[in-house]
Each structure stands twice: as structure tokens, then as C-alpha cells.
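Me: I would like a close look at a single part of this model, with the surroundings described in one connected account. Please keep to what can be computed from the atoms or read from a record.

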Amino acid sequence: MSMLSQKTFCLYTYGCQMNEHDSERIAGMLESHGAVQVSSVEQAEIAIFVTCCIREAADVRLMGQVASIKNIPLPQGSELSKRIVCIGGCIGQRDAEKLPEALPHVDVVFGTQNIEHLVSLIEAAIIQGGHQVEVLDSSTSFSTELPSKRVHPWSAWLPVTVGCNNFCTYCIVPYVRGRERSRTLEDVVEEARGLVADGVKEITLLGQNVNSYGRDLYGEPRFADVLRGVAETGVERLRFATSHPKDLTREVIELYGSLGNLMPSLHLPVQSGSDAILKAMNRRYTAEHYLGLIEEVRKVNPDISFSTDIIVGFPGETEEDFQATYDLVERVGYSQVFTFIYSRREGTPAASMQDDTPHEVIQRRFDSLVDLVQENAFAQNQRFVGRTVDVLVEGASKRDERVLAGHSPHNITVHAPLPEGVRIDDIVGTVVPVRIDEAKAWYLSGAMLRD
Ligand code: 5AD
Ligand code: SF4
């Protein structure tokens, strides 16, 4: 019997979808050793933090949260002498040497390349005590080979690549996730088949840059091959994230016209609308190239919705540079924009670039962009009023348990009151038609139709 049998654990996940996927694997692996997941640290004998270091705020929050659990007693009846605290993910990878000193009550530090070793690290911490620290520079396996406990049984992440070779000058990811590696096409399609057989309705293919998939594999299969192969499994909804604009191919764009289950939304991070800033960021495309891609996609399907990531206040960003970003956002008409204020990350090339724009100026730019984004999202959402859309139901709305919440094919949140006699448990994880009556900036609402 495993030492973890009947031990309780809680899991805190920060950052990107790759971390969420890793956490599902961690939960699956611990449960396969008999451990039991609980929702609060008070009930947990083992606390695991899967961390993110992409911006400074994430670092600061983590340190505070880990420090604050030090004095919370173990749950009653525990046989352990202390709660086992584990830090993994990107901060674990980056700060393996420093963490035990900074947070002495941390027992296990692991990284992004060795989550499959977490059980033995926890066991060693229980038996031997002391700090169990292990991070690896690279791994030969994929965490996806581990058992998984999906947060939503009907929706799955499916990594096609891990790591990144792009070295955008602001970004820490290539240093904490390592070089890009692709899974074989057969592996990916086989996993997708298994997921569909398991009742999964929605698969999101994951990678830091899915468009460069396959360059490291024999025969150089392309991302378009992955999309076709996974679409053929018959999964209801197929999505992918993230795409780098420099690598988005015509072949992939055309699949929006031919694969019925490829959902009509595309997340295409632009980061800036200024060519000078794009160059300093090492993005390797121009604003014109980016706008050309949007146009090509719209030619294939005019109804597609776009989302993007933007960094405001990159070192040296002038008012004109910012205006170029603002204009680009206005031209594209995004449904959703993730806006970030530049955060200096030690060890990246941008960290040593001259950066003298006052914070108030950056904040003003950021606020005006956020206003524009909201106007755009509202305008984009108007086009759904009067249409009936298929909604994959995720559960009741947080504010009202008589209202269902889910996502449309365009990846927009939809709310609708539950019809008389319908319980949320009857429809969760299924696709229901909703006639849209009203559009807000952040969601659509309407009436669920019965067949
Ligand atoms: N500062 C601010 N935003 C960043 N991102 C990545 N690194 C930084 C940084 N140092 C943003 C990018 C990326 C998203 C996931 O996070 O926009 O696309
Ligand atoms: Fe970071 Fe650029 Fe790689 Fe994305 S593509 S993870 S922004 S280095």
C-alpha cells in the first residue's frame, strides 16, 4: 500500500493552462496512490502549490500565501508530524535553491520537468524530513502519460508541445519550461481518441506556440496534421492555444473552413501594434503581417471571434508606439483582450533595456486600452443577439443557482435561466441551445430552448 493512502491534499494552481493541465495530472497521480483531494488547507495534510512567475505580482502573491499557511494546524487525526508543503511549477523551477531558505517550512520543491517524481519526493519528505528539492533541466517524458483528474470531466487539455524556443525578450517561459518538444502525432491522436471514448466533449490543444509543432520530429508533421487527426476523432469541440503569429500557416487558417468541429475562435497574441516595439520584443512579425493574418482568417470565416494578449509599457514604449497598439486593437475588433502591464523579469533580455517611462503614464495608457477593449467586446457581442447558440453547460452561474453558465462555440460566456423542471445536474456537461436576448461586454444572456 502506498504511503499516501488516505492522506488528504489540496492543490493551488496559478498561471497558464499548462499549469492547470499539470495540476490535473498531479491530482490524478496522487489519487492513484490513494490520496484524497480536499478543498481547503485546513483539511489538508499535504499542500501543493503549482506556481507561475510570468509577472512579478504572481511571485509576490505566492510567497505571501505559502508563508501564511505556516501556523494552520494539521487536520485532527493526522499521523504526520507536520503538514507537507510542496512548491512546484515555474517558481519551483526558477528558485529551487533559494526557496528552502526563504520559506523554511516548505518540504518539497519540484519543477516543470519532473511532476512524475512528486509522489516519491513527498514520501521522502515524510520518512526523512528535511528539504526534498529536485528540478531537472529537461525531461524525456510528457506529464500527459500520467493519470489525470479533470476539473471538468467533459473538457480536456491536450498538450502537443511543451517548452518554447522563441525567446521573446520580456518572457521568462523559455527559461523555466525549457526548449520546445513535440509529442508524436500518433500519441496525440491516440490520447484524443481515448478522451472522446471517455465522454470528453471539448479538447483544447496546448502548447506555448502550437504552430511550430513538429519541427523536432521525424518527418516534420505540421500542426495542421494534428488538427485534422484530432478532428477526425469526432470530438464535438476542438480548440487550441497559443498561436504565435509568425508561425500561423495558411494551411491551419484554411481548416477553419473545412473542419466542422474546429470552434470559430482564435487566440492570437499580438503583444504590441508598434513595429519598433515588436522588434525590441523579438516577435519577428510586423503589425501589417498580423493584420494580414486576421484578414485571411476572416476571408475563410467572417464570423470568427478573436482574442489576444497585449503588453503595455514595454521598455522604451513611446506615446506613438502605444497609439499604434490602440489603433490595431480598434481595427481588429477583438472579443476578448488580456491586457498586461510590462513586468521586468530578471534574466530576460528586456530586463537590461532602458526603461524610464513613468508608471503613471503607463497606467494611463493601460486604462485607456482597457476602456477600448470593453467597448469592442460589447460591440462584438451584439452580433449574437437574436441568434441561437450551442452552449456547453459548465454549471450554475456563481450568482444564481437557477441560471446555467457555459461557453458558446465562439468561446463567449453565456447565461440562461434554467427552464421549469430542469435541474442543473441534468444538463451539466451537455450542449444545449440558447437563444441570445442580450449582450454585455463580458457575457451573453438568453433563454434555453427545449428540443
Ligand atoms: N510582463 C508582462 N506581461 C507578460 N507576458 C509574458 N511575459 C510578460 C512580462 N514580463 C504576457 C504576454 C503573454 C502572456 C501569457 O503574458 O502577453 O502572451
Ligand atoms: Fe514567452 Fe514568447 Fe514563448 Fe510565448 S512565444 S512563451 S511570450 S517566449
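Is Q271 buried or exposed, and what is its relative accessible area? Please go on from there to its surroundings.

Reply: The model is predicted, and what follows should be read as a description of that model. Q271 has a relative accessible area of 7%. Because the limit for a buried residue is under 20%, Q271 counts as buried.

In the chain, Q271 sits in a loop, with β12 (265–267) on one side and α10 (275–280) on the other. Apart from neighbours within four places in sequence, the residues in contact with Q271 are Y170, M281, R283, Y285, D309, I310 and I311. With one of these, Y170, there is also a polar contact: it joins the two side chains at 3.3 Å.

Q271 also belongs to the surroundings of ligand 1. The other residues around ligand 1 are I54, R55, Y170, D309, I311, F340, I341, Y342, S343 and R345. By class, this shell consists of 6 nonpolar, 2 polar and 3 charged residues.

Several atom pairs link ligand 1 to the protein. From the side chain of Q271, an N or O atom is 2.6 Å from an oxygen atom of ligand 1. For D309, an N or O atom of the side chain is 2.6 Å from an oxygen atom of ligand 1. Y170 takes part through its backbone, where an N or O atom lies 3.0 Å from a nitrogen atom of ligand 1. Taken alone, ligand 1 exposes 410 Å², and the protein buries 87% of that. Two or more residues of the shell come from each of the elements β13 (305–312) and β14 (336–341).

Y170 leads on to ligand 2, since Y170 is listed around ligand 2 as well as around ligand 1. The residues surrounding ligand 2 include C164, C168 and C171, together with N166, F167, V173, P174, Q208 and H244. R283, one of the contacts of Q271, is also in the ligand 2 shell. That shell divides into 7 nonpolar, 3 polar and 1 charged residues.

For the wider setting, an unreviewed UniProt entry gives the annotation "domain: Radical SAM core" to residues 150–379. Over this span the chain is 40% helix and 16% strand, and its end C-alpha atoms lie 34 Å apart. The annotation "domain: MTTase N-terminal", also from an unreviewed UniProt entry, covers residues 7–127. In residues 7–127, helix makes up 41% and strand 18%, with the end C-alpha atoms 14 Å apart.

A further UniProt annotation, "binding site" (unreviewed entry), covers C16, C52 and C90. These residues are spread over 75 residues of sequence but cluster in space, with a largest C-alpha distance of 10.5 Å. C16 is in the loop between β1 (8–13) and α1 (17–32), and C16 is partly exposed at 34% relative accessibility. C52 is in the loop between β3 (46–51) and α2 (56–68). Its relative accessible area is 13%, so C52 counts as buried. Leaving out residues up to four places away in sequence, C52 touches Y14, G15, N19, A58, D59, C90 and I91. The list thus contains C90, which shares the "binding site" annotation with C52.

Technical notes: Residues numbered from 1 in each chain as written. Chains lettered and ligands numbered in written order. Predicted model: local features only at pLDDT ≥ 70, side-chain atom pairs only at ≥ 80, totals over all residues. Heavy atoms only, no water. Helix = DSSP H or I, 4+ residues; strand = E, 2+ residues; numbered from the N terminus. Buried < 20%, exposed > 50% of the residue type's maximum accessible area, 1.4 Å probe, protein only. Polar contact = N/O pair within 3.5 Å; in protein donor to acceptor, adjacent residues only side chain to side chain. Contact = heavy atoms within 4.5 Å. Near = heavy atom within 4 Å. Areas by Shrake-Rupley, 256 points an atom, 1.4 Å probe, with all protein chains shown as cover. Nonpolar A, V, L, I, M, F, W, Y, C, P; charged D, E, K, R; others polar. UniProt positions renumbered as here; feature names shortened; annotations may be inferred.
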